[in-house]
Amino acid sequence: MKSVDKRTFNKGEHLNVQPIRKQADIEIAKFLLAKNKKGPRDVLLFLFGINTGLRASDIVVRKVGEVRQTKHPIITEQKTGKKRTLNLTNLADEIDTYIQGMRDDEYLFQSNKFSNYHLTVNGVYQIMQKLGKQMNRSDFGTHTMRKTFGYHYYKQTHDIATLMTIFNHSSQKITKRYIGITDDEINESLDKFKLGL
């Protein structure tokens, strides 16, 4: 796959990216990712993203030792500099199976090209772009996993205040717009709207 201009996904890429809204599509995504050359890595990367809501830049730098020692590692987010405690309890079995035989100082998500180096954000972008093409979607990018986490967290809990805190957003309005809930609500209200009919 050709290299991607970093500006594509660093500045505004997330504006056009949508969450994966249907559970069936999440299962399809896992199935397709498993068929990749680095299938186990790509599936865990995807599960890690949709279950933590981390930015791709914070996922790719995780090391094996962090997730082997505890299922509640404390990380520092690269973009905000804020500390955050992850809850990986729901991924414990998948992580433990994946890291068998790996050293604590190894990156969890290894690069395709360089040994002992992590997958880059550009690499995540390419994985998600390929997945999008396979699923006939043009709205996948590095924020797909984060938005999917947010969308389903909100749908299951309706707790926008906690989600806003998880995402470090300054308002609930920004969070709703970011995860595509605003679009959903507008469409639902328009579905019921009739005038002169």
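Which residues lie nearest the centre of the second largest pocket? To answer this in the viewer, select Ile50, Asn51, Thr52, Asn90 and Phe149, which lie nearest that centre among the 20 residues of the lining. The model on display is predicted.

**The second largest pocket**

With these five residues shown, display the pocket itself, which has a volume of about 420 Å³. Next, colour helix H3 (23-34), helix H4 (39-52), strand E2 (83-85) and H9; these are the elements that give two or more residues to the lining. H9 supplies the largest share, 6 residues. Colouring the lining of this pocket by class then shows 7 nonpolar, 10 polar and 3 charged residues.

**From the pocket to the H9 and H12 pair**

Keep H9 (residues 144-157) selected and add helix H12 (residues 181-191). The two helices pack with their axes 11 Å apart, at an angle of about 55°. H9 and H12 are therefore oblique to each other, as the oblique class includes angles from 35 degrees up to 65.

Show side chains at this contact: from H9, select Tyr151, Tyr154 and Lys155, and from H12, select Ile181, Asp184, Glu185 and Glu188, which they meet. By class, the contact comprises 3 nonpolar and 4 charged residues, with no polar ones.

**Confidence**

Finally, colour the protein by pLDDT. The mean is 90, and 92% of the residues reach 70 or more. Select residues 1-11, where the pLDDT is below 50; in the model, this stretch has 15 contacts beyond near neighbours in sequence. Where pLDDT is low, predicted coordinates should not be read in detail.

How values were computed. Residues numbered from 1 in each chain as written. Predicted model: local features only at pLDDT ≥ 70, side-chain atom pairs only at ≥ 80, totals over all residues. Heavy atoms only, no water. Axes fitted to C-alpha atoms, helices over the stretch in contact; angles between N-to-C directions. Helix = DSSP H or I, 4+ residues; strand = E, 2+ residues; numbered from the N terminus. Parallel < 35°, antiparallel > 145°, perpendicular 65-115°, else oblique. Contact = heavy atoms within 4.5 Å. Nonpolar A, V, L, I, M, F, W, Y, C, P; charged D, E, K, R; others polar. pLDDT = per-residue confidence, 0-100. 1 Å grid on protein atoms, 1.4 Å probe; cavity = no way out; pocket = protein on both sides within 12 Å on 5 of 7 lines; lining within 4 Å. Points joined across faces, edges and corners; volume = space filled by probe spheres on them.
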